Amino acid sequence: MAKVKNWHLGRDMEYVYEENRPKRQWSIVFDLNKCIGCQTCSMACKTTWTSGKGQESMFWNNVETKPWGSYPLGWDVKVLEKLGHQEWKKHEPYRGKTIFEAAEPTETTVHFFPTDEDWMYPNNGEDDCTGNVSHGTHLNLPHDQWFFYLPRTCAHCTYPACLAACPRKAIYKRPEDGIVLIDQSRCKGYGECVRSCPYKKSMYNPYTRTSEKCIGCYPAVEQGYQPMCVQNCIGKIRVMGFINPPWKARKDNPVDYLVHQMGLALPYYPQLGLEPNIYYIPPIHANREYLTQMFGPKVDDAIKQYKKIKDDPRTQGLLVLLGSTDRIMHSFDVKHGVAYGYDEKGDEIVSVPVIEHSYERPRYDSKYEAVRNNTP
Amino acid sequence: MCGSCTNPFVQIYPRTPLDRIFDTKGDIEVIAGVSNKLADLLGESRMKEMWKDASGEGVHVYLQNIIDHSANLKGYHSKELEKKAQEGIPALVNSRTYPRYSSLEQARSEEKWHTKSGRLEFYRPEVEFIDSGENMLVYREPVDSTPYEPNVIVAKNHEAIRPKKPSDYGLRESDLSVENRQVRNVIKTGPALLNTQHPLRLKLHTHVYHTPKYRHGAHSTTVDTDYTSVWFGPFGDVYRHDKRMPSVVEGYMDINPLDAKALGVEDGDYVYVDADPEDRPYRGFKPTDDFYEVARLMLRARYYPGTPRGIARTWHNMYGSTIGSVQGQKIREDGLARSPETNYQSMYRYGSHQSATRAWLRPTLMTETLVHKGMFGQGIGKGFEADIHCPVGAPREAFVRITKAEQGGFENQKLWRPAALGFRPTYENPGMKTYLKGRFIHG
C-alpha cells in the first residue's frame with residue numbers, strides 16, 4: 001500500500017499504487033437542479049457504444065431517481081452499508097475509512113458483486129418521492145417530500161478501484177487525459193473490477209466474457225469534442241472539461257471555476273476514497289442530511305453559493321455556456337453580457353448572451369408583404 | 001418541415017443520403033399516390049397534376065407554397081432552409097416578437113379578441129350554455145372521475161344560473177346512469193357535495209384513475225424501440241426475466257402505498273382495473289365473452305408515494321392489447337404479447353388504459369353557435385372546427401375498482417423482487433432506512 005494525496009478527503013490515504021496524476025484529467029460537471037431525467041444521455045451512449053451482443057442491459061451512462069432509484073439495484077445502499085457508519089465533520093478532513101482502508105487484509109476494497117437480476121430494472125424507482133404526499137401538501141425549501149435525478153457515467157477516478165482490483169493489470173489510466181480503460185485483449189472477465197468499483201460502472205459482458213465500461217468517448221475527446229452524453233443533453237446541464245487539482249486550479253477553466261473557485265460542484269460519495277472526477281451541483285430542494293451523505297459536508301456551502309448566482313453574472317455566463325457547444329472548452333470569459341468559450345489554443349469556439357434579449361418586429365413587413373402576428 | 005406557433009424555430013429535416021430501410025412513404029407521397037389513383041378512376045387529370053412534383057427535388061414546390069402562405073414564414077426559401085438545416089442551423093419563426101408572447105396584439109388593444117364582442121368574455125349567452133347552467137363561471141364535478149355525485153354544478157344558488165333540470169329532459173332527478181348523467185344539471189353547494197357519493201362506491205369502486213401524457217414523449221415515441229421502452233417506468237427489463245411480461249416493458253398503474261395496502265395489493269402485483277360496468281370495457285359485455293379478457297385492463301401496480309390517496313395513474317403512451325396480442329402470449333414460445341398475424345406488439349397483457357376511459361359528449365361541446373378564431377388566419381369562425389371546438393370533457397379519467405389479479409414475484413416468489421429485497425417504499429430493509437435518512441455519514 002502506498003500513501004497518496006486525496007484532496008476530496010483533505011488528507012492522505014492508502015492506495016495500491018503510487019500517486020501518479022495524469023497530465024490532465026477528463027471531468028464532467030452536472031447541474032442537478034436542471035436534470036429532468038429524460039434519459040437522452042443514456043440513449044446517446046447506448047446507441048453509440050453498447051448496442052452489441054451481451055450489452056443489452058448495459059448502460060454506461062444512466063440516470064436514476066434518488067433516493068429510490070438505483071442501477072444496479074441498491075448499489076449505493078449496499079456499498080455504504082458494507083463500509084458502515086463513518087465520521088466527517090464540517091470544515092475538517094474526512095475521519096472515516098475509505099473502501100481501500102476498510103478492506104479485509106486479503107482484499108483490495110470493501111465490495112459486493114451485483115447479480116444478473118440486479119441489473120434488470122434500469123429505471124427502478126423512477127419519480128418515487130421520499131414519503132407520502134397527502135391532500136394540502138405544498139412546497140417548502142428544502143421540500144418535505146423530494147426526489148432528484150442523478151445522471152451517472154464512469155468517474156474516471158484518480159484512484160480507480162477497478163484498476164486497483166484487476167488481477168491481470170488489464171485496466172489502465174491514460175496519462176494524456178486520465179480516462180480509465182479496460183484493455184479488452186488482456187481482460188479475462190474475472191469480474192474483480194465489477195466487484196470493486198463502488199459506483200458499479202464496470203459491467204460484465206457475458207457474450208464477450210470480458211468486462212466493459214464507459215470509455216469517456218475518448219475518440220471524440222482526442223479530437224477536441226465533448227462526449228456524446230454531454231453533447232446530446234437537452235437540458236444543457238453538463239459540461240466536460242479538464243479538471244486540475246486545487247493546487248493547480250485556473251480561474252478561467254470552466255471545471256476548475258465551478259469546483260475550486262466557486263465550490264459549487266462536488267464529487268459524489270467522496271468518502272469512498274476514489275477521488276472520482278464527475279462533479280455535481282447539488283439539488284437545493286433535497287434533504288440536507290441525505291445530500292451530505294452523498295456529497296460530503298461541503299454541500300451546505302455549495303447550496304449557499306448556488307443561491308447567490310442570481311447576483312453573479314460571471315457564473316451565470318458559464319452556466320449558459322453549458323450545452324452551447326460540442327467542443328471542449330479549455331477556458332471561458334464573460335464580458336459585456338456575453339459569455340465566451342475558448343479552445344486549447346485560446347481561439348473562440350462559442351459565444352452566448354448571458355440574458356436572452358427580446359425583439360419586436362414591425363407589424364407589417366413591406367419587403368415581403370407579410371403580416372407578422374403573435375396569434376397566427 | 002417542422003414548425004409551430006409555439007416553437008420559435010422552423011427547420012426542414014435535411015434529406016439523408018441513405019436509402020430507406022423499409023418500404024415506407026412520406027406523407028406527401030401517400031397523398032400523391034391516392035390522388036393519382038383517383039385521377040385514373042375518375043378520369044380527372046387535375047388530381048394528377050396537383051401532385052406531379054411530389055417526389056425528389058420537386059417537393060420544394062409544395063414546401064415553398066406553405067411558406068408563402070404562412071404569415072410568420074413568408075420571405076423564407078425552402079431550399080435555403082434545408083441547406084441551413086444541413087449545417088444544424090434552424091431559422092426563426094417571424095412572429096411579432098421573439099420570444100413570442102401569446103395574444104400580444106390583443107393585450108395591447110391593437111386588435112380585437114376572437115370573440116363575439118371582440119372583448120374578453122367570461123359569460124356565455126348561447127342557449128346551450130344557459131340551459132347547462134354554464135353561462136357564468138361555475139365549477140362542475142367530472143362526469144365520471146369523482147368519489148362524489150358526478151357532474152354536479154358546484155355553486156350557491158344564483159338567479160342567473162338557471163339550467164334545465166333532469167325533469168325538463170324527461171329524466172328522474174336521481175337518474176345517475178352512465179349516459180344520462182352527462183346531461184344532468186343539478187346544483188349543489190360545496191359542503192352538500194361532500195355528503196354525496198358516486199353511485200359506483202356501492203360496487204367497491206374507490207379510485208379516480210387518470211391516464212395523462214408521459215412527460216418525455218409524444219404519442220408512442222417512448223415505447224417505439226426496445227431501448228427507450230426499458231426506461232419507461234420501473235418494470236422495464238430487456239431480458240424479460242419474468243416471462244409474463246408482454247414486452248420488454250409493461251403498463252403499470254401508480255397508486256398510493258397506503259391505498260394499495262388497504263386493497264390487499266403489494267408493490268408490483270398485477271391488478272384488474274374496472275370502470276363503470278354499464279359501458280366499460282364495452283357495452284353489453286359478459287364475463288364469459290372471449291373478447292372480455294382482451295378488453296379488460298390488467299397491469300402492474302406500482303407503489304407511488306407521490307400520488308394522493310384516492311388517485312391512481314397510468315401514463316397513456318403504451319400500445320394496448322388486441323385479439324392478436326393476447327393470442328400471441330398464449331401460443332408464442334417466448335410469451336410475448338405480439339400478434340402472430342401482424343407482429344403488432346402490445347405493452348399490456350390484457351386491455352389497456354383505454355379500457356377504463358371513454359369520451360363524454362356534453363351539450364356545451366361541439367355546438368353550432370360558439371364563435372371562435374378560425375383555424376388559420378385572423379378570421380372568426382362559428383361552430384365546429386377541428387382542434388378548436390371539439391369534445392374535451394374528460395376522456396382520460398374514470399372512477400374505478402382495483403382488485404388484485406396475480407402476485408408480483410415470479411418463480412414462486414410472492415413479492416416483486418425490488419420490494420422483496422427491501423428497496424421499495426414501505427418495504428425498506430435496515431440499510432435502506434439508514435440511507436434514506438442520510439445517516440451513513442455523521443458529523
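**Exercise 1.** State how far apart the C-alpha centres of domain 1 and domain 2 of chain B lie.

Solution. First take the bounds, which come from an automatic or database domain assignment: domain 1 of chain B covers 9–92, and domain 2 covers 207–359 + 396–436. The C-alpha centres of these two domains lie 41 Å apart.

The model is predicted: local features need pLDDT of at least 70, side-chain atom pairs count only at pLDDT 80 or more, and totals for chains, interfaces and linings use all residues. Residues are numbered from 1 along each chain as its sequence is written, chains are lettered from A and ligands numbered from 1 in the order in which they are written, and side-chain values use heavy atoms, without hydrogens and water.

**Exercise 2.** Determine the strand order of the open sheet of 3 strands in chain A, and its edge strands.

Solution. Strands are DSSP runs (E, at least two residues), numbered from the N terminus, and two of them pair if DSSP finds at least two bridges between them. The order is E14-E15-E16 of chain A, with antiparallel pairing. E14 (331–335) and E16 (348–353) of chain A each pair on one side only, as edge strands. Next, E15 (338–342) of chain A pairs with E16(A) over 5 bridges. Within these strands, Tyr340(A) stands opposite Ser351(A) of E16(A).

**Exercise 3.** Explain why Cys197(A) is in no disulfide.

Solution. A disulfide is a pair of cysteine sulfur atoms within 2.5 Å. The search of the whole structure finds 0 over all chains. For Cys197(A), the nearest cysteine sulfur, that of Cys162(A), is 6.1 Å away, so the cut-off is not met. Cys197(A) is also buried (under 20% relative accessible area, 1.4 Å probe, protein chains only), at 9%.

Terms used: Helix = DSSP H or I, 4+ residues; strand = E, 2+ residues; numbered from the N terminus. Buried < 20%, exposed > 50% of the residue type's maximum accessible area, 1.4 Å probe, protein only.
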